[in-house]
Amino acid sequence: PKPQVAQMQASRPTPQNMAGRGRGADENAFASLPTLREVSQNERTELFRKKLKACSVVFDFSAPSYAVEKEAKRQTLLEIVEFVNNTRSCFTEHVMADVVHMVSSNIFRALPPSATTHSIVFDPEEDEPTLESSWPHLQIVYEFFLRFVVSNDVDPKVAKRFIDQNFVLKLLDLFHSGDPRERDYLKTILHRIYGKFMALRSFIRKAIQHVFFRFVYESEVHNGIAELLEILGSIINGFALPLKDEHKSFLERSLIPLHKAKTLNNFHQQLAYCMTQYVEKDPRLAETIILGMLRFWPVTNTPKEVLFLNELEEILELTQPPEFANVMQVLFAKLAQCIVSPHFQVAERVLFLWNNDYIVRQINQNRQVLFPMVIGALYRNSKKHWNSTVHGLTYNVLKLLMEADPPLFDDCSAKHKAEEELAKKAEEERATKWSQLESLYLDATGGGGE
């Protein structure tokens, strides 16, 4: 509700909210504090806390005002980063609370409108990202917080009072930021939190799963899917064997459905890596992944189809013979359709599968089933496809099939020729019947007309 939002914004520390102390007090908020080097060792912790509190003041970078204070805050942030780098045991329990409060005040905010807010068609190579105006401060805050999270002085048993589930949810909300620099910091920080705070691991996985659910089934708009998948790639790599049912369910319910997204090209590399990580952990999951990909196979989006074929080759390279046998018929029915695709990149990409020695061995071991499924498509390509490169690749594949098993190849070729002749004969009979019907109509109407 709007009144609550207004109340939250009013409670946030800003120069305007501190105006009751007078403009002069604001101008001297940073200047009145000495540097950490100037005070004795006993006074540094208290001064450090004061500087953290001063840095909790948030400035509006959309306006040119408070230029002196903004620069003073930036210098103070740089100073405290240097301080934590060179000081041991500087994070006491009270300081931890101040650190999380300062970081929260700066990074948790309403995000500016994103380039993908009104359009899901966002090309990272063509479109300009939405850069955060307050980045001169935010970058240092993120750098400071990263040093805090990875510090050996920070005991997770104590810090978990401040870095809790609510904090993680707010952190995940920031992944929708349009600024790739911010998302890169968030990716590193969340991954470090996952590694350090054991009690939060299950919650973080479920929270990421919820982000994916909303993306796939509701909005189809999110800037940080690639970064979240990058984190998951490392997490999956660390899963213990045998895989828990929870992890398999995450694959089936959250990761595989991401293939249906219209913006798959923005995060496909990271998603494909997660798929291969699962197959390397448990080769039996190759069947689940391939059948899932076939379920979401694109019909009219040829660039997306090429991405699917790229990923499919990576999965097939890790697929064991039993799983290959389970999926080969439904898989090669789809690949036969791709072979005759009028889009040359799709046809070219699927024919490149025969350059992969491991996949070719799998095909040859099951040639009694697979050769008849693809030879017809290859012959149609050789006669009708418009692209010369596809023609060359088609002839190469036909040559490979012929060399692998000449008698079977000749048998399949003969059957294909017979099927073509039957199809041609059926078409001629159909044309004859239509001609007869037309003649009957003309006779009945006296040569035409109504």
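User: Quick one before we start: how do the accessible areas here come about?
Analyst: Accessible areas come from the Shrake-Rupley method with a 1.4 Å probe. Keep in mind that this is a predicted model.

User: Great, so how much area does the chain expose?
Analyst: The chain exposes about 23,800 Å², and 52% of that is supplied by carbon and sulfur atoms.

User: And what share of the residues counts as buried?
Analyst: That would be 46% of the chain's 450 residues.

User: How many helices and strands are there?
Analyst: The chain has 21 helices and zero strands. Taking contacts between residues at least 6 apart in sequence, 73% join residues at least 24 apart.

User: Switching to rings: how many aromatic pairs does the structure hold?
Analyst: There are 17 aromatic pairs. One of them is Trp297 with Phe308, edge-to-face at 5.3 Å centre to centre, with 75° between the planes.

User: Nice! Why does that pair tie together parts that are eleven residues apart in sequence?
Analyst: Because Trp297 lies in the loop between α14 (285-295) and α15 (302-318), while Phe308 is in helix α15 itself.

User: Are Trp297 and Phe308 buried or exposed?
Analyst: Both are buried. Phe324 and Phe332 also form an edge-to-face pair, at 6.1 Å and 70°, and both of those residues are buried too.

User: Which residues form the aromatic cluster?
Analyst: Phe48, Phe83, Phe91, Phe108, Phe144, Phe145, Phe148 and Phe167 form one cluster.

User: Last thing: what lies over the face of Phe61?
Analyst: Lys70 does, at 4.7 Å from the ring centre.

Methods: Residues numbered from 1 in each chain as written. Predicted model: local features only at pLDDT ≥ 70, side-chain atom pairs only at ≥ 80, totals over all residues. Heavy atoms only, no water. Helix = DSSP H or I, 4+ residues; strand = E, 2+ residues; numbered from the N terminus. Buried < 20%, exposed > 50% of the residue type's maximum accessible area, 1.4 Å probe, protein only. Contact = heavy atoms within 4.5 Å. Phe/Tyr/Trp six-rings, centres within 6.5 Å; stacked < 30°, edge-to-face > 60°. Lys NZ or Arg CZ within 6 Å of the ring centre and 35° of its normal.
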